[in-house]
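The following exercises are to be worked with the sequence and the coordinates at hand. Each task is followed by a stepwise solution.

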Amino acid sequence: MTQNHHIGQQIRELRTLLGISARQLAQRIGISDSYIFLIEHGRPPTDIQIQKIENALGFKLSDPRVSQLFTLLASLRGLNGRSGPDEVARRGQRPDAPDV
């Protein structure tokens, strides 16, 4: 996984956990939602875009707590076989909700 893809994946996971859509994030930082998609899938964001994204999400990607959160999420995925926040969102924000 490239560094750019890793950053994009972190942005997507954090955004999803916070219940923020790609469109909402894009509007908050003044870019298109399709560009958010590109960043989340490997397009390198500029330093200014990273700063705006971090401000919009309320977290610095370099914050050790964010790293710990991603480590915890990876562990949980390994335990239950789910894909993470997208799976939770698909089931209506309840991790214990049955699959549909």
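**Exercise 1. Which pattern does the chain follow, read along the sequence?**

Solution. The model is predicted, so local features need pLDDT of at least 70 and side-chain atom pairs count only at pLDDT 80 or more, while totals for chains, interfaces and linings use all residues. Residues are numbered from 1 along each chain as its sequence is written, and side-chain values use heavy atoms, with hydrogens and water left out.

Step 1. Assign helices (DSSP runs of H or I, at least four residues) and strands (runs of E, at least two), numbered from the N terminus. The chain has 6 helices and 0 strands.

Step 2. Reading along the sequence gives α-α-α-α-α-α.

Step 3. Consider contacts (heavy atoms within 4.5 Å). Of those in the chain with a separation of 6 or more, 53% join residues 24 or more positions apart.

**Exercise 2. Describe the largest nonpolar core and its contributors.**

Solution. Step 1. Classify each residue as buried (under 20% relative accessible area), exposed (over 50%) or partly exposed (in between), with a 1.4 Å probe and protein chains only. Of the 100 residues of the chain, 32% count as buried.

Step 2. Build the nonpolar core, a set of buried Ala, Val, Leu, Ile, Met, Phe, Trp, Tyr and Cys residues joined through side-chain atoms within 4.5 Å. The largest such core holds 16 residues, of which I11, L25, I29, I53 and L57 touch the most other members. At least two residues of this core come from each of α1 (3-17), α2 (22-29), α3, α4 (47-57) and α5 (64-80).

Step 3. Examine L25. Beyond residues up to four places away in sequence, L25 touches I11, R15, I20, I36, I53, A56 and L57.

Step 4. Compare with the general expectation: in soluble globular proteins, nonpolar side chains tend to be buried together.

**Exercise 3. Determine the setting of E40.**

Solution. Step 1. E40 lies in helix α3 (residues 33-40), and its relative accessible area of 4% is why E40 counts as buried.

Step 2. I36, I39 and E40 are the buried residues named in α3. They lie on the same side of α3 because they cover an arc of only 95 degrees around the axis, the arc being that of the directions from the helix axis to the C-beta atoms.

Step 3. Leaving aside neighbours within four places in sequence, E40 is in contact with G8, Q9, I11, R12 and R15.

Step 4. Test for a salt bridge (a side-chain nitrogen of Lys or Arg within 4 Å of a carboxyl oxygen of Asp or Glu). The side chains of R12 and E40 satisfy this at 3.8 Å, N to O. The pair links distant parts of the chain, with R12 in helix α1 and E40 in helix α3, 28 residues apart. R12 counts as partly exposed because its relative accessibility is 27%.

**Exercise 4. How many salt bridges does the structure hold?**

Solution. Step 1. The structure holds 5 salt bridges.

Step 2. One of them joins E54 and K60, with the closest N and O atoms 3.7 Å apart. E54 is buried, at 11% relative accessible area, whereas K60 is partly exposed, at 43% relative accessibility.

Step 3. Another pairs D63 with R65 at 2.6 Å, N to O. Here D63 is buried, with a relative accessible area of 13%, and R65 is exposed, with 57%.

Step 4. Through salt bridges that share partners, R12, R15 and E40 form one network.
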